[in-house]
Amino acid sequence: MADPRIPQYSTAADAMKEGRFDVEIPAEGDDEIARLGRALVELKQTLATKFTEFHSLLDVTKQINAGLVLDEILNHVFESFQSLIPYHRIGCSLLEEDGTIVRARWARSMAPELRISEGYSAPLKGSSLEDIIRTGKPRIINDLEEYLREHPASDSTARIVGEGMRSNLTCPLIVSGKPIGFMFFSSMETRKYQNVHVEIFQQLAGQLAVIVEKGRLYQELIELNELKNKFLGIAAHDLRSPISIIKGYLGLFLEGILGPVPAPQRDCMTRMNKACETMLALINDLLDVSSIEAGRLELRTREVDLAEYLRECHTANSILAKAKSIDLKLEMPPALPRMTMDPDRIQQVLNNLITNAIKFSYPETTIRLRAKTVGDGVEISVEDQGQGIPLEEISNLFREFSRTSVRSTAGEKSTGLGLAIAKRIVEAHGGRIWVESEVGKGSAFRFVLPVKVAPQS
């Protein structure tokens, strides 16, 4: 009699494969099946936690707009505004810890030494900066040495006087009515700001406040993105272990090593095994994305006989096409140049394009793997007679986790990462990839690789 827990495990595996973790998994007992159940429970808990955290981080990073990081913005300010306002030094400090601490974020000076640099901090309460926040107006100190004699406990004043600065103008940075920090303009000359139009500094400070806040947030998001990549790599490695354990147990059952398995249980275990394979494929794709985004995509290039390489690729993928009654044809000229490339990575690209074409094509149709020389490169394409892709969805194809409204013809699953990875690999080779498609007629995915002639032995 079939164990009633097995169908529940199968249902749970299918749910987790689809990103649902609210399923009940029986794990009582001390037999092999119960141990399998406890491994599934552990997997569910790990997947639920890791993927929730990952998608939260991913949602944040997707909100990043194109722009400059804070240091680049401030360096541009230092180099560009001397024609408008006088200064030998500019410093930027931001309010932190709920506005109680003023921390130096950036500084640049024409003086030989910086005595207030990034990281220097002081309490806001009780300082002269508190009045600037309260009034929202700039403050001018025409003689810093005289100010220091009157306020000998001011460490920050002592430091910039030690740098050689003799006058200072401090502007509050305010965004949407909320103070975020200060810009300090300093000169080596006394009374340099005595006759300046403060309104100019106020207008500049208002514009800088928005730019600085955007740059600061952008930089924080870059750091979050780096954290996400680190987390993604760690999470994927952590997830691979319990899934591999479950798959190993399933293998023992299916091979009969732990005793005979009744047909109903074998069918459930087979489906669970396929679900594990799908999850492992997703994890491997996530590891690829993590490596690529962290700049760790390494190309191990060597000289390749492209014609022979494509013939091997065609042979390997023809088996998958035949299983779905699809004819995979190879069409290329009699001679193709030898290429210097990473054959494993380009194989990854071709396998993705061909398996996608098989997924979205109907039986009794044809897929063509084609190659031809174009200028200084070689164009390789995978063309199908499938369903085609709506024009408005094409722009999203090469983004992570993107999917179109087109559905596979036999229920095959997709992680939504393959084309994004393929794009990064092609671009790492100095090439480009694109798609041409028409609904009802099929799609042609093409990529061009530059010909790089390797030294002859």
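1. I'd start at I257, which counts as exposed with a relative accessibility of 55%. This is a predicted model, so please read everything below in that light. I257 sits in the loop that runs between α7 (198-254) and α8 (263-293). Together with L252 and L258, I257 makes up a nonpolar patch on the surface, and the three share about 250 Å² of accessible area. Have a look at that loop when you open the model.

2. Next, the cysteines. How many disulfides does a search of the whole structure find? The count is 0. Two cysteines to look at are C268 and C276. C268 is buried because its relative accessible area is 9%, where the cut-off for buried is under 20%. C276 is buried as well, with a relative accessible area of 3%.

3. Helix α1 (5-17) has a length that checks out. At 1.5 Å a residue, its 13 residues should span 18 Å, and the end C-alpha atoms are indeed 18 Å apart. On the covered side of the ledger, the buried residues in α1 are R5, I6, Y9, S10, A12, A13, A15 and M16. Just after the helix, G19 adopts a positive phi of about 85 degrees.

4. Salt bridges deserve a few points of their own. The whole structure has 26 of them. As background, side chains of opposite charge can pair when their charged atoms come close. One of these bridges joins D31 to R5, with the closest N and O atoms 2.6 Å apart. D31 is in the loop between α1 (5-17) and α2 (32-62) while R5 belongs to helix α1, so this pair ties together parts that are 26 residues apart in sequence. What about cover: are the partners buried or exposed? D31 is partly exposed, at a relative accessible area of 32%, whereas R5 is buried, at 15%.

5. Then there is a bridge within a helix. R311 pairs with E308, and the closest N and O atoms are 3.4 Å apart. Both residues lie in helix α9 (residues 306-323) and are 3 residues apart, about one turn of the helix. The general geometry is familiar: an α-helix has 3.6 residues a turn, so residues three or four places apart point the same way. R311 counts as partly exposed at 37% relative accessibility, and E308 also counts as partly exposed, at 34%.

6. For a bridge between strands, go to E331 and R368. Their side chains meet in a salt bridge at 2.8 Å, N to O. This pair links distant parts of the chain, with E331 in strand β8 (residues 327-331) and R368 in strand β10 (residues 366-374), 37 residues apart. E331 is partly exposed with a relative accessible area of 28%, and R368 counts as partly exposed at 24% relative accessibility. The pair also belongs to a wider set: E331, R368, R370, E379, E383, E436 and R446 are linked in a network of salt bridges. I'd show that network in a figure.

7. Helix α10 (residues 343-359) passes the length check too. Its 17 residues should span 24 Å at 1.5 Å a residue, and the end C-alpha atoms are 24 Å apart, in agreement. How many of its residues are buried? The number is 12 of 17, so "mostly covered" is a fair label for α10. The buried residues include P343, R345, I346, V349, L350 and N352, and further along the helix L353, I354, N356, A357, I358 and K359 are buried. At the start of α10, a side-chain oxygen of D342 comes to within 3.1 Å of the backbone nitrogen of D344.

8. A smaller item is H88, found in the loop between α3 (70-80) and β1 (89-96). H88 counts as buried, with a relative accessibility of 18%. What does its side chain touch? There is a polar contact between the side chain of H88 and the side chain of S187, at 3.4 Å.

9. Last, S405, in the loop between β11 (377-383) and α11 (418-428). S405 counts as partly exposed, at 46% relative accessibility. S405 and P390 are 15 residues apart along the chain, and their C-alpha atoms are separated by 8.1 Å.

How values were computed
Residues are numbered from 1 along each chain as its sequence is written. This is a predicted model: local features need pLDDT of at least 70, side-chain atom pairs count only at pLDDT 80 or more; totals for chains, interfaces and linings use all residues. Side-chain values use heavy atoms; hydrogens and water are left out. A disulfide is a pair of cysteine sulfur atoms within 2.5 Å. Buried means under 20% relative accessible area, exposed over 50%, partly exposed in between (1.4 Å probe, protein chains only). Helices (H or I, at least four residues) and strands (E, at least two) are DSSP runs, numbered from the N terminus. The expected span of a helix is 1.5 Å times one less than its number of residues. A polar contact is a pair of N or O atoms within 3.5 Å; within protein, one must be able to donate a hydrogen and the other to accept it, and residues adjacent in sequence count only if both atoms are side-chain atoms. Patches are made of residues with over 30% relative accessible area and no salt bridge: like charges are joined within 9 Å, nonpolar side chains (Val, Leu, Ile, Met, Phe, Trp, Tyr) within 5 Å. Accessible areas come from the Shrake-Rupley method with a 1.4 Å probe; for residues, only the protein chains shown count as cover. A salt bridge is a side-chain nitrogen of Lys or Arg within 4 Å of a carboxyl oxygen of Asp or Glu.
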